[in-house]
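Q: I'd like to learn how to read this model feature by feature. Could you walk me through it?

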Amino acid sequence: MNTYDVVIVGAGFSGLAMLNRVRESGLSARVIEAGSNVGGTWFWNRYPGARTDSECYYYCLSFNKELVAEWTWSERYPGQPEMQRYLEFVADRADLRKDITFSTRVTAMEYRDEGWDVSLDSGEQLRSRYVATGLGFLTDPHVPDFPGLDTFAGDLHLTCRWPAEGVDLRGKRVGVIGTGATGVQAIPVIAQEAAEVVVFQRTPNYVVPAQNRPMDPDEIADLKARHYEILAKARAHSFAMPFDAGHGAAMAVDEDERQRIFSDGWARGGFRFLFETFDDLILDPAANEAAAEFIRSRIREIVHDPATAELLSPRGYPYSGKRPPAGHDYYEAYNRDNVRLVDVSAKGAPIQEITPTGLRTADASYELDVLVLATGFDAVTGALTAIDIRGRDGITLKEKWQDGPLTFLGTTTAGFPNLFMITGPLSPFANLPVCIEKNVEWIGAALDHAAGRVVEATEEAEQDWARQTREAVEPTLLTEGEGVHTWFLGANIPGKARGVNVWFGGANNYFRICDENADQGFPGLTLR
Ligand code: NA7
């Protein structure tokens, strides 16, 4: 049996950074990756229009200065092919591939004799002192239980399993279910190729245009020169983005000034609208409603058909109560003759079944050649609980977390010694590469501190972290999306435990807490 100091699960941003870090400590490691290449999220999500919602120069890794110096981004928001090439560049430049096993899944892990037995779907068994998971927040696909789904005779595609060779949509009638961040990116691009697109929308989202554009060579040179200064700024921001503060409280300025600032934010694009306009949009209901109404006014301006504009306008939940998507001519797509919006909410006509020739709602039938599911993920915990992980007392992680996840700092959980999770449950949902690198830093330091000993979170520490996580989100409006199936509350998966699954107490605060914990010798962890 092959034996390692650390087995790492996943070769996306997290796994690549972790492998590099454990090598620096002189530990032996093997990465197990289900895909046939590195990339993780960016390997699997190849649907038309897939691209980052964060700007290139802070949605990247910084662990090695050559990575920063030698890679040049072409667009403000890189598309999936460019992200895939970037992660391949990272793997090659840091010489990581030789320690990665591709096209192989971890099926089970059992803690025994102060280490882990790791079972792979190839039949191989590995033995490892420590395990670090880099599974991503949004990995385990959610396929709703639509009656008749398996009877559909056309082509059925999940956005997050889009074929590498692409899908020829020319002349096709395409149905898209889902208008989250994925659907919002895919719909306008699919509409450019397909004969007809029918969008089945259950909940409209607040979509702010990303304002994509090519990167200018002078701008690139400047961003590279200031990379570590920009990274420090991102680490000081509550959502790990190198943004400037907004203009204070939205309701403290008069209506004209408020509209001027919102217009400016709209032009800046994407998350800058949320974070660089006013500082209280996720705190003050009146401020949030002002932003929400500004977005609705833009929808009415862009979308020619008033009934479609109204259907696209979110109401009854706050802006950012669901993770807000970034648009690329999203609302404009509904002005095309070949795009139709169908309301499948409880107030409209919910989906009743998928038929061999299409889809039937409560009041109509739709004939489709292709059905695209952009229906999201069993987020945060799903990829972890999909693996049969058995801890110290034989209890599985799934059993332990049946009422919701419990972790210490999102990285460790009591009863599962020597197991570390990169961006595990109750870690920040923010700009992820920056969060990942901070997690990797902390886990690397914890491994150095453990120096081969058994390391485990205490129950007190994880209870305290759960309390802090609940208290941190309380003053915000981020918990008001349960009725609209917000994934970060577990509300998009029928039967899943409800509660905030991520840390919303500020990524900056989280980084400080982790740094202090490491400086103090890792209180909350026991060593034996
Ligand atoms: P999301 O944001 O979870 O979106 C899933 C979409 O699928 C959303 O519009 C759902 O409607 C829709 N959906 C899910 N189940 C159904 C059923 N049963 N009927 C109709 N519609 C359904 O996933 P994404 O992949 O778009 O984005 C995930 C994250 O990736 C995103 O937050 C970014 O962080 C990147 P609903 O809104 O639940 O009514």
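A: Sure, and let's begin with burial: a residue counts as buried under 20% relative accessible area, as exposed over 50%, and as partly exposed in between. Keep in mind throughout that this is a predicted model.

Q: With that cut-off, is T469 buried or exposed?
A: T469 has a relative accessibility of 1%, and since buried means under 20%, it counts as buried. T469 sits in helix α16, which covers residues 459-473.

Q: Which residues does T469 touch, leaving out those up to four places away in sequence?
A: The partners of T469 are L426, V500, V502 and W503.

Q: Let's zoom out. What does the radius of gyration say about the whole protein?
A: The general idea is to compare the value with what a compact globule of that length would have. For 528 residues, that would be near 24 Å; the protein comes in at 23 Å, so the two agree. Along the principal axes, the C-alpha trace spans about 65 × 55 × 45 Å.

Q: How much of the protein is buried?
A: Buried residues account for 60% of the 528 residues. On the outside, the protein exposes about 20,400 Å², and carbon and sulfur atoms supply 48% of that area.

Q: And what share of the contacts links residues 24 or more positions apart?
A: Taking contacts with a separation of 6 or more, 72% of them are between residues 24 or more positions apart.

Q: On to secondary structure. How many helices and strands are there?
A: The protein has 17 helices and 20 strands.

Q: How should I read a sheet?
A: Strands of a sheet pair through backbone hydrogen bonds, and the pairing can be parallel or antiparallel. Here, one open sheet has five strands in the order β7-β16-β8-β9-β12, with parallel pairing. At its edges are β7 (155-158) and β12 (339-343), each of which pairs on one side only. From one strand to the next, the twist averages 20°.

Q: How many bridges join β7 to β16?
A: Four bridges connect β7 with β16 (residues 370-373), and the two strands run parallel. To find one of the bridges yourself, look for L158, whose partner in β16 is L373.

Q: What would an antiparallel case look like?
A: Try the open sheet of three strands in the order β13-β14-β15, where the pairing is antiparallel. Its edge strands are β13 (351-355) and β15 (365-367), each pairing on one side only. The twist there averages 15° from one strand to the next.

Q: How many residues lie between β13 and β14?
A: Two residues lie between them, and the two strands form a hairpin. Four bridges join β13 to β14 (residues 358-361), and I354 stands opposite L359 in β14.

Q: Now the rings. How do I describe an aromatic pair?
A: You give the distance of the centres and the angle of the planes. A search of the whole structure turns up 36 aromatic pairs. Take Y86 and F89: their ring centres are 6.3 Å apart and their planes are at 35°, so this pair is tilted.

Q: Why are Y86 and F89 separated by about one helical turn?
A: Because they are three residues apart in helix α4 (residues 80-93). Both Y86 and F89 are buried.

Q: Which residues do ring pairs link into a cluster?
A: The cluster consists of Y57, Y58, F137, F239, F243, F271, F275, F429, W487, F488 and F504.

Q: Last topic: backbone angles. Where should I look for a positive phi outside glycine?
A: One place is S103, which has a positive phi of about 50° although it isn't a glycine. S103 is in the loop between β3 (100-101) and β4 (106-112). With a relative accessible area of 47%, S103 is partly exposed. Another is N418, a residue other than glycine with a positive phi near 60°.

Q: Where is N418 found, and is it buried or exposed?
A: N418 is in the loop between α14 (397-400) and β18 (419-421). Its relative accessibility is 0%, so N418 counts as buried.

Notes. Residues numbered from 1 in each chain as written. Predicted model: local features only at pLDDT ≥ 70, side-chain atom pairs only at ≥ 80, totals over all residues. Heavy atoms only, no water. Pairing = 2+ DSSP bridges. Axes fitted to C-alpha atoms, helices over the stretch in contact; angles between N-to-C directions. Rg over C-alpha atoms; globule rule 2.2 N^0.38 Å. Buried < 20%, exposed > 50% of the residue type's maximum accessible area, 1.4 Å probe, protein only. Contact = heavy atoms within 4.5 Å. Areas by Shrake-Rupley, 256 points an atom, 1.4 Å probe, with all protein chains shown as cover. Phe/Tyr/Trp six-rings, centres within 6.5 Å; stacked < 30°, edge-to-face > 60°.
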